[in-house]
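Visitor: Could you take me through the side chains here up close? I'd like to hear about greasy surface spots and charged pairs, with the numbers kept in.

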Amino acid sequence: QQQQQQRLSLLHVFNENKARMTALFVVMFTTVGFWAAYEQAGNALSLFIDERVSRDGIPTAAFQSINPGMILALTPIINRYWKYQSETNREPDQVMKMSIGCCLLGLANILLAFASNNLPAGAVDESDLPPHSKLNQFWIWLYFLVATAGELYVSPVGLSFVTTAAPKEIVGFACGCWFLSAFFGNYLAGEIGSRYARSKPRAFWFAVGCLSISVGLLLAAMRRRIVDALKMRASPVNDDVSPREDDGQRRRSFGGEPDESAAQRRRLL
């Protein structure tokens, strides 16, 4: 019983799965940049729409409903696309999907930067801009289309990655850490958004897009190391027990089955 309590300690699980936990936290840390860029949709983008977009009488807050609508529309399409990729053995792994999602969000912000090329800098009153100089709302719809696709490649995939890759003893703890990365991303989004009023729209959206794309490229560059770390077996708990015997004892202690665990790892990789 004392040995089983030792196995249940958080520090012991960390020591037993150092490479796996390091890979998990690297992914969580890098996705902070994604959330910081994504949350501009409810921060700087709302000000941008209110001041610089031709809304044709539509309230600014109503544009925030585009994102959930896009989620409902794009989810079955993306799921079918992933199924097609799986059937043709071309489906990317979860880390690469998150990388693609970060790049898609970056592309959405780059599109806004391109569309904002001739808009004035700083916060302006709605009445200060004549209607013909405002941005067509088509660009906002296009932004949400691309950004929502990026969100679907990161948010649900990232949570699935954490629950599959984390040691089963601390899956709940790992999920909490995943949402904690979103918390830090939201905080950083506020800090970045505070620069909006002092920046040119083109420069602001370009910088936000570069942030998200940089995260995507970083994940792609680290993908092989992350995958290799997730393939590593946990270290034996007791030197007097063979690795094979210890692995069986460890799985039985937490009610797991070796075959099921192996299948989960194969789906992840």
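**Surface patch and salt bridges**

Guide: Let's start on the outside: L10, F25 and F173 make a nonpolar surface patch of about 230 Å². Keep in mind that this is a predicted model. Of those three, take L10, which sits in helix α2, residues 10–16. L10 has a relative accessible area of 38%, so it counts as partly exposed.

Now for the charged pairs. Side chains of opposite charge can pair when their charged atoms come close. With a cut-off of 4 Å between the side-chain nitrogen and the carboxyl oxygen, the count is six salt bridges. One of them joins R223 and D93, with N to O at 2.5 Å. R223 belongs to helix α9 (residues 201–231), while D93 is in the loop between α5 (66–87) and α6 (94–115), so this pair ties together parts 130 residues apart in sequence. As for cover, D93 is buried at 10% relative accessible area, whereas R223 is partly exposed at 23%.

Another salt bridge links R55 to D50, and here the closest N and O atoms are 3.8 Å apart. In this pair the arginine, R55, is buried, with a relative accessible area of 12%. Its partner D50 comes out as partly exposed, at 31% relative accessibility.

Then there's E191 with R195, a salt bridge whose closest N and O atoms are 3.7 Å apart. E191 is partly exposed, at 37% relative accessible area, and R195 is partly exposed too, at 42%.

Conventions
Residues are numbered from 1 along each chain as its sequence is written. This is a predicted model: local features need pLDDT of at least 70, side-chain atom pairs count only at pLDDT 80 or more; totals for chains, interfaces and linings use all residues. Side-chain values use heavy atoms; hydrogens and water are left out. Patches are made of residues with over 30% relative accessible area and no salt bridge: like charges are joined within 9 Å, nonpolar side chains (Val, Leu, Ile, Met, Phe, Trp, Tyr) within 5 Å. Accessible areas come from the Shrake-Rupley method with a 1.4 Å probe; for residues, only the protein chains shown count as cover. Helices (H or I, at least four residues) and strands (E, at least two) are DSSP runs, numbered from the N terminus. Buried means under 20% relative accessible area, exposed over 50%, partly exposed in between (1.4 Å probe, protein chains only).
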